[in-house]
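Please open the model in your viewer and keep the sequence panel beside it. The tour proceeds by selections, and each stop says what to pick and what is found there.

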Amino acid sequence: MALISANTILTSLCLFHTTLAYFFYTNPNTIADQALVWFLGEAMGMPQTQYFSTPSPTSSFLAVILFLMGVSDLTTLSMPEEIWLIHYWGTQAPARIVVFGCLTLFSYITAPPTSPSLHHLPPDYGTASGSEGLRNRVFFAFAFLEFLSWLWVWVTLREEAVAFAARKRRRSGSYTRERS
């Protein structure tokens with residue numbers, strides 16, 4: 001049995017998403033200046049970004065998406081245990097692991113070096129066009145932490161699904177013995 005239940009981990013992730021939504025809406029620079037973002041960015045050689053210095057329409061849109069994601073994920077936990085444990089999160093967690101794993105790899109592989117010289121960067125680098133917005137330490141830290149969190153959720157869900165199936169078999173077995 002896991003030390004922390006899947007329900008607790010999922011609730012924490014939902015609250016993390018709503019908290020991020022608040023900061024992306026009010027002051028995105030708070031997220032960009034976090035020690036964990038700086039540490040992961042420096043360790044992986046990711047460039048800093050100036051696009052989170054003030055609230056923008058893009059950061060507000062991201063805030064709304066994160067808020068909806070947090071609230072909708074939180075509401076799924078109010079469903080019966082069999083539905084959210086086995087059917088819903090049993091498919092969502094692996095899908096999110098793959099998506100955030102790919103986004104983390106993409107961000108790391110395509111990022112320019114942190115100490116760029118003029119001949120390493122394309123001439124239009126810094127204009128935030130295309131996928132350049134995904135090649136910075138804020139996005140890398142977010143995608144990497146989401147990947148790790150969903151991996152943790154998935155491992156815990158698998159353990160709890162086995163325990164849930166065993167409890168269900170015990171209940172149905174005792175019910176069958178009582179009827180005969």
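The stops below begin with the whole chain and then turn to single helices, rings and surface residues.

This is a predicted model, in which local features need pLDDT of at least 70 and side-chain atom pairs count only at pLDDT 80 or more, while totals for chains, interfaces and linings use all residues. Residues are numbered from 1 along each chain as its sequence is written, and side-chain values use heavy atoms, with hydrogens and water left out.

**The whole chain**

Begin with a cartoon view, which should show six helices and zero strands, in the order α-α-α-α-α-α along the sequence; helices (H or I, at least four residues) and strands (E, at least two) are DSSP runs, numbered from the N terminus. Of the 180 residues in the protein, 31% are buried, where buried means under 20% relative accessible area, exposed means over 50%, and partly exposed lies in between (1.4 Å probe, protein chains only). The protein exposes about 10800 Å², and carbon and sulfur atoms supply 67% of that area; accessible areas come from the Shrake-Rupley method with a 1.4 Å probe, and for residues only the protein chains shown count as cover. If you list the contacts (heavy atoms within 4.5 Å) between residues at least 6 apart in sequence, 84% of them join residues at least 24 apart.

**Helix α1**

Select Leu15 in helix α1, which spans residues 6–26; Leu15 is partly exposed, at a relative accessible area of 46%. Then add Asp73, 58 residues away along the chain, and the C-alpha atoms of the two will be found 9.7 Å apart.

**Helix α3**

Next select residues 35–44, helix α3, whose buried residues are Val37, Leu40 and Gly41. Viewed down the axis of α3, these buried residues fall within an arc of 100°, so they line one face of the helix; the arc is that of the directions from the helix axis to the C-beta atoms. Turn to the face away from the buried side, and you will find the exposed residues Ala35, Phe39 and Ala43. Just after α3, Gly45 has a positive phi of about 70°.

**The aromatic rings**

Now show the rings of Phe, Tyr and Trp (its six-membered ring), which pair if their centres lie within 6.5 Å, with planes under 30 degrees apart counted as stacked, over 60 as edge-to-face and the rest as tilted. The structure holds seven aromatic pairs. One of them joins Tyr22 and Phe23, edge-to-face, at 5.3 Å centre to centre and with 70° between the planes; Phe23 is partly exposed, at 28% relative accessible area. Another joins Tyr108 and Phe140, whose centres are 6.5 Å apart and whose planes meet at 45°, so the pair is tilted. This pair links distant parts of the chain, as Tyr108 belongs to helix α5 (residues 81–110) and Phe140 to helix α6 (residues 137–179), 32 residues apart. Is Phe140 buried or exposed? At 2% relative accessibility, Phe140 counts as buried, whereas Tyr108, at 39%, counts as partly exposed. Select also Tyr88, Trp89 and Trp150, which form one aromatic cluster.

**A surface patch**

Finish at Tyr108 again, this time with Met44, Leu105 and Ile109, since these four form a nonpolar patch on the surface with about 410 Å² of accessible area together. Patches are made of residues with over 30% relative accessible area and no salt bridge, with like charges joined within 9 Å and nonpolar side chains (Val, Leu, Ile, Met, Phe, Trp, Tyr) within 5 Å; a salt bridge is a side-chain nitrogen of Lys or Arg within 4 Å of a carboxyl oxygen of Asp or Glu. Helix α5 gives the most to this nonpolar patch, with three residues.
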